[in-house]
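Me: I'd like to learn how to read a few backbone and cysteine features. Could you walk me through them?

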Amino acid sequence: MTEWTRLPDLASRAVGGGVVWANDELFAERENLIKPAEPVYQTYTFGHKGQIYDGWETRRRREAGVDQAVIRLGMPGTVRGVVVDTAFFKGNYPPFCWVEGAQVDGYPAAGEITEWFPLVERSALKGDEKHYFDVSEGRRVTHVRLTMDPDGGIARLRVHGEPIADPRLLVGGIDLAALENGAVVTGCSNMFYSSPNNLIAPGQATVMGEGWETARRRDDGNDWVSLRLAAPGVVRLVELDTSHFKGNAPGWASVSACDERTDPEAWFDLLPRTRLQPDTRHRFVVDSAEATQVRLDIYPDGGMARLRIIGTPTSDGLTHLQEMWAKTTN
């Protein structure tokens with residue numbers, strides 16, 4: 001055990017991390033790599049692909065090559081150490097592994113990340129054991145790539161370090177679209193699988209069912225949700241979170257708004273149609289604009305975990321919140 005294990009796990013699913021790609025996961029799913037809980041094992045639990053493992057396991061290679069997985073950190077930052085845990089993988093662990101990092105802006109697909117730098121050099125592994133690797137690289141990391149040579153299974157990957165926030169996203173305000181602040185869903189094209197109220201619920205979604213998901217479209221339209229904000233406010237940041245939606249996330253989304261105090265028909269773009277990634281928390285700084293209503297359009301359909309509209313109430317918006325408080329507490 002080393003001192004840096006006291007630092008947060010930047011890759012954990014608990015803080016929004018995601019395994020965005022792996023070249024193979026035939027025996028056990030890649031997402032297991034970043035589960036917060038320690039791995040477990042139950043004897044004689046066989047599925048249609050063999051013994052079920054709580055980790056990431058690839059097929060046996062019959063040709064030269066390596067297996068890889070790309071993890072988007074939930075909290076980008078400086079990495080101080082990496083733990084590669086081969087718990088319960090005894091005859092099927094990889095003999096070697098290495099770890100690389102990348103610093104990229106925005107929300108690229110895994111294949112669009114082209115510049116990687118070393119975090120952990122090629123190192124020998126043992127079966128059923130935690131391996132601790134110090135990291136001296138000082139650059140901020142947004143993604144890591146785990147390579148196992150040539151194949152096998154790894155239960156968990158922990159990426160311990162110090163979070164470094166993007167100052168461009170540090171805008172002041174509250175979530176004007178939060179259910180707990182008084183925002184209301186006013187319309188919805190489809191809620192076949194789950195309620196659009198989930199979009200603006202408190203906290204992070206922990207499973208897909210805690211978001212909003214529509215039926216599959218078989219036409220040329222798209223799905224949407226409209227909201228009345230908790231109070232008139234100046235919008236500064238939009239968050240579109242597709243966490244847990246992997247094969248059913250929307251391909252694109254847009255957010256429009258209007259200020260019904262001046263013209264309820266004059267809708268304008270807060271965020272033009274923008275490509276989304278599956279299982280990703282997207283945050284976009286927008287041109288400051290006053291609004292009382294917003295509409296989220298997803299293209300063509302799918303699921304979204306959360307929608308956040310960050311901004312500051314206007315003076316009359318603050319008065320509205322105070323009046324609502326006074327009216328219901330006296």
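Reply: Sure, we'll take cysteines, then peptide bonds, then phi angles. Keep in mind that this is a predicted model.

Me: How many disulfides are there?

Reply: A disulfide is a covalent bond between the sulfur atoms of two cysteines. Here the count is zero.

Me: Why does Cys258 have no bond?

Reply: A pair of sulfurs has to sit within 2.5 Å to count. For Cys258, the closest cysteine sulfur belongs to Cys188 and is 18 Å away, so that's too far for a bond. Cys258 is also buried, at 0% relative accessible area. Cys97 is another buried cysteine, with a value of 0%.

Me: Okay, on to the backbone. What should I look for?

Reply: Most peptide bonds are trans, and most residues other than glycine have a negative phi. Look for the exceptions.

Me: Which peptide bonds are cis?

Reply: Among them is the one from Asp149 to Pro150, with omega near 0°. Pro150 lies in the loop between strand 9 (140-149) and strand 10 (153-154). The bond from Tyr299 to Pro300 is cis too, with omega near -15°. You'll find Pro300 in the loop that separates strand 18 (281-299) from strand 19 (303-304).

Me: And where is Phe88, with its positive phi?

Reply: Phe88 has phi near 75° and falls in the loop between strand 5 (67-85) and strand 6 (96-102). Its relative accessible area is 29%, so Phe88 is partly exposed.

Me: What is phi for Asp128?

Reply: Near 55°, a positive value again in a non-glycine residue. Asp128 sits in the loop between strand 7 (117-124) and strand 8 (130-134), and is partly exposed at 36% relative accessible area.

Definitions and conventions: Residues are numbered from 1 along each chain as its sequence is written. This is a predicted model: local features need pLDDT of at least 70, side-chain atom pairs count only at pLDDT 80 or more; totals for chains, interfaces and linings use all residues. Side-chain values use heavy atoms; hydrogens and water are left out. Buried means under 20% relative accessible area, exposed over 50%, partly exposed in between (1.4 Å probe, protein chains only). Helices (H or I, at least four residues) and strands (E, at least two) are DSSP runs, numbered from the N terminus.
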